[in-house]
Amino acid sequence: DGGLHYTETGQVSKRFDEGDIILQSEISVLSNETLETLSIRMQLTARDLLARFLKDHEALYKDKKPQIGGEYWPMPKAEDRTIDWNQDIETIDRMVRAFSKFETYCWIEDKKYYVRKADCWVEEHLYQPGTLVHETNLERVYTAKDGFVCLSDWRKAD
């Protein structure tokens, strides 16, 4: 971005996030992880790391390691967040959990909808993918390639 950034050692760098690593922790992604659970687990880890830093920052600075490599992920495109009813349940479920409050999209009868929560399960059926098979005042159940998707927090796009 062209500005100056301070590294963990107080040194000034011209590029964002290029300083030494003084403290870090790995967080594994659970098989049933949601955006909310991962966010909370990261916040709890950050709190613990801060406590460790404040307790012994001088020793941590002495043991710093250079930052090598790393990766940055671009923001997902709309098509990466759009449910295709021909997809398998595992893919749809992972997508909805990953984006939850940032919303996935789906198309129903040529209208775009935002989806924040859906429950998905694998079950054989004889319907075409994208078929509405059940509706209550709060939920709609649609078919996917290999199961059902119950939309429980969704709204029509503007």
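Exposed, in these notes, means over 50% relative accessible area, buried means under 20%, and partly exposed falls in between. I am working from a predicted model.

**Entry 1: two positive phi values**

I looked up Asp110 first. Its relative accessible area is 75%, so Asp110 is exposed, given the cut-off of over 50%. Asp110 sits in the loop between S3 and S4. Its phi is positive, about 65°, although the residue is not a glycine.

Glu103 was next. Here too phi is positive in a residue other than glycine, near 75°. Glu103 lies in the loop between H2 and S3. Is Glu103 buried or exposed? Its relative accessible area is 9%, which is under 20%, so I list Glu103 as buried.

**Entry 2: the largest nonpolar core**

I then turned to the core. The largest nonpolar core has 17 residues. Which of them touch the most other members? I noted Ile83, Trp85, Ile92, Cys106, Ile108, Val149 and Leu151. Five elements each supply at least two residues of this core: helix H2 (89–99) and strands S3 (104–108), S4 (111–122), S6 (140–144) and S7 (147–156). H2 gives the most, with five residues.

I followed Trp85 in detail. Leaving out residues up to four places away in sequence, Trp85 touches Cys106, Trp107 and Ile108, then Pro129 and Gly130. Its list continues with Tyr142, Thr143, Ala144, Lys145 and Val149.

**Entry 3: helix H2**

Which residues of H2 are buried? I wrote down Ile89, Ile92, Met95, Val96, Arg97 and Phe99. An α-helix has 3.6 residues a turn, so residues three or four places apart point the same way. I also checked what covers the buried residues of H2. The cover includes helix H1 (35–62), along with S3, S4, S6 and S7.

The N-terminal end of H2 is capped by Asp88. A side-chain oxygen of Asp88 lies 3.2 Å from the backbone nitrogen of Glu90.

**Entry 4: the largest pocket**

I moved on to pockets. The largest one has a volume of about 1,200 Å³. It is lined by 32 residues, and the closest to its centre are Val29, Leu35, Leu38, Met42 and Trp73. H1 and H2 each supply at least two lining residues. Which element gives the most to the lining? H1 does, with nine residues. I also noted the lining by class: 19 nonpolar, six polar and seven charged residues.

**Entry 5: two lysines**

Lys101 is in the loop between H2 and S3. Its relative accessibility is 42%, so Lys101 counts as partly exposed, between the 20% and 50% limits. What does Lys101 touch, beyond residues up to four places away in sequence? The contacts are Leu35, Glu36 and Arg116. For Arg116 I also took the C-alpha separation from Lys101. It is 5.4 Å, with the two residues 15 apart along the chain.

Lys111 is in strand S4. Lys111 is partly exposed, at 35% relative accessibility. Not counting residues up to four places away in sequence, Lys111 touches Cys106 and Lys156. Cys106 is also on the contact list of Trp85. I checked Lys111 against Thr131 as well. They are 20 residues apart in sequence, and their C-alpha atoms are 14 Å apart.

**Entry 6: Tyr113 and Ser31**

Tyr113 is another residue of strand S4. Its relative accessible area is 9%, under the 20% limit, so Tyr113 is buried. Where is Ala157 relative to Tyr113? The two are 44 residues apart in sequence, yet their C-alpha atoms are 4.9 Å apart. Ala157 is also on the contact list of Tyr113, which leaves out residues up to four places away in sequence. The list further holds Thr104, Tyr105, Cys106, Ile108 and Arg140. Trp154, Arg155 and Lys156 complete it.

I closed with Ser31. Ser31 sits in the loop between strand S2 (12–13) and H1. At 72% relative accessible area, Ser31 is exposed. I took its distance to Asn137. The pair is 106 residues apart in sequence and 31 Å apart from C-alpha to C-alpha.

Definitions and conventions:
Residues numbered from 1 in each chain as written. Predicted model: local features only at pLDDT ≥ 70, side-chain atom pairs only at ≥ 80, totals over all residues. Heavy atoms only, no water. Core = buried A, V, L, I, M, F, W, Y, C linked by side-chain atoms within 4.5 Å. Buried < 20%, exposed > 50% of the residue type's maximum accessible area, 1.4 Å probe, protein only. Helix = DSSP H or I, 4+ residues; strand = E, 2+ residues; numbered from the N terminus. Contact = heavy atoms within 4.5 Å. Polar contact = N/O pair within 3.5 Å; in protein donor to acceptor, adjacent residues only side chain to side chain. 1 Å grid on protein atoms, 1.4 Å probe; cavity = no way out; pocket = protein on both sides within 12 Å on 5 of 7 lines; lining within 4 Å. Points joined across faces, edges and corners; volume = space filled by probe spheres on them. Nonpolar A, V, L, I, M, F, W, Y, C, P; charged D, E, K, R; others polar.
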